[in-house]
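Biologist: I would like to learn how to read helix packing and pockets. Can we work through a case together?

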Amino acid sequence: MTEAVAVAEAAVDLASSTGNPGARAEALYGLGEALGDTDPGRALTLLAEAAHLAATVDERLFLGAAETAAVAIGSRHGDPAAALSAFREVLAMWRRVGNDTLRAAALRNLVVLLVRVGADETAVLVDAALPPAGVYPAEQARLDRARAAAAERLGADREAALRRRGALLSPAQVHDEASSAIDAALSRMAG
C-alpha cells in the first residue's frame, strides 16, 4: 500500500500543477482508493473532493467512481445503516448509466456489507450472480472472509442452493434482490 500511496500522491502533485480539474479529480480518486484501508477518514475527504471536481467538469465516470469508492469505504469503516442507504443510491446510479463493470464492483462491496448486517442469503445470491473478476488482494480477502462467514451461518446445502439460484439471475434481478435486502436490513435496524 505504501507504494500505491506514494504513486498516487505524485499523481495528485502532477495533476495539481496542470490546473486541470478533471485530472485532479482522477488523481484524488486514485489517492482516495489507495488510502481506503489505511486512512479511511482522509480517503473519504479526498473522494468527496474528487467527486466535487469531477462534477464541475461533467466528468461522470470519475464522479461515479469516487462516489462508489466512498460508499465502499464507508461500508467497511462506518455506520452500516448509512452505508446501506448510500449503496441504494449508487446502485441506482450505475443502473441508470448502464456501466455494468462499475455496478459489479459496487455489488462486490455490497456483498461484504450484506454479510456484515446478516443478510447472508442475498449476499450469496448477489455474489453468485456477479461475473468473475480479478480484484486486488485486500478486496479478495474481504470477499473471502464474507463468503466464509455466510457459508458457515447458512450451511453448505443452503449456500449451494443459493449459489445455483444466483447464477441464473439477470442484472435487473440482481439489482432488485440487492435493493430488497437493503430495504429489509434498514427496516430491521430501525425497528
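Biologist: At what angle do helix H7 and helix H8 pack, and how far apart are their axes?

Modeller: A word first: this is a predicted model. Helix H7 covers residues 120–129 and helix H8 covers residues 137–154. They pack at about 125 degrees, with axes 10 Å apart.

Biologist: How do I turn an angle into a word?

Modeller: Angles over 145 degrees count as roughly antiparallel, and 65 to 115 as roughly perpendicular. The angle of H7 and H8 is about 125 degrees. H7 and H8 are therefore oblique to each other. The crossing of H7 with H8 is left-handed.

Biologist: Which residues of H7 and H8 meet?

Modeller: H7 brings Asp120, Glu121, Val124 and Asp127. H8 brings Arg147, Ala150, Arg153 and Leu154. By class, this contact has five charged residues, three nonpolar and no polar.

Biologist: Now H2 and H3. What are the angle and the axis distance there?

Modeller: H2 and helix H3 (residues 40–56) pack at about 160 degrees, and their axes are 8 Å apart. That makes H2 roughly antiparallel to H3. Their crossing is left-handed.

Biologist: Which residues make the contact of H2 with H3?

Modeller: On the H2 side, read Pro21, Arg24, Ala25, Leu28, Tyr29, Leu31, Gly32, Glu33 and Leu35. On the H3 side, the list includes Pro40, Leu46, Leu47, Leu53 and Thr56. The classes are 13 nonpolar, two polar and four charged.

Biologist: And H4 with H6: at what angle do their axes cross?

Modeller: The axes cross at roughly 15 degrees and come within 10 Å. Under 35 degrees counts as roughly parallel. So H4 is roughly parallel to H6. H4 passes H6 in a left-handed crossing.

Biologist: Which residues of H4 and H6 make their contact?

Modeller: From H4 come Leu61, Thr68, Ala72, Ser75 and Arg76. From H6 come Leu102, Ala106, Asn109, Leu113 and Arg116. Five of these residues are nonpolar, three are polar and two are charged.

Biologist: On to pockets. What is the volume of the largest pocket?

Modeller: Start with volume, then go to the lining. The largest pocket has a volume of about 260 Å³. Its lining has 17 residues. Closest to the centre are Tyr29, Glu33, Ala105, Asn109 and Glu139.

Biologist: Which elements give two or more residues to that lining?

Modeller: They are helix H2 (21–35), helix H4 (60–77), helix H6 (100–116) and H8. H4 gives the most, with six residues.

Biologist: How do the lining residues of the largest pocket divide by class?

Modeller: Nine are nonpolar, three are polar and five are charged. Link this back to the packing. Tyr29 and Glu33 are in the contact of H2 with H3, and both are among the residues closest to the pocket centre. Asn109 takes part in the contact of H4 with H6, and Asn109 is also on that pocket list.

Definitions and conventions: Residues are numbered from 1 along each chain as its sequence is written. This is a predicted model: local features need pLDDT of at least 70, side-chain atom pairs count only at pLDDT 80 or more; totals for chains, interfaces and linings use all residues. Side-chain values use heavy atoms; hydrogens and water are left out. Axes are lines fitted to C-alpha atoms, for helices over the stretch in contact, and angles run from 0 to 180 degrees between N-to-C directions. Helices (H or I, at least four residues) and strands (E, at least two) are DSSP runs, numbered from the N terminus. A crossing is left-handed if the near helix is turned anticlockwise from the far one by less than a right angle, and right-handed if clockwise. Contact means heavy atoms within 4.5 Å. Ala, Val, Leu, Ile, Met, Phe, Trp, Tyr, Cys and Pro count as nonpolar, Asp, Glu, Lys and Arg as charged, and the others, Gly among them, as polar. On a 1 Å grid over the protein atoms alone, a cavity is a set of points where a 1.4 Å probe fits but cannot get out, and a pocket is an open set with protein on both sides within 12 Å along at least five of seven lines; lining residues have an atom within 4 Å of a point. Grid points are joined across faces, edges and corners, and a volume is the space filled by probe spheres set on the points.
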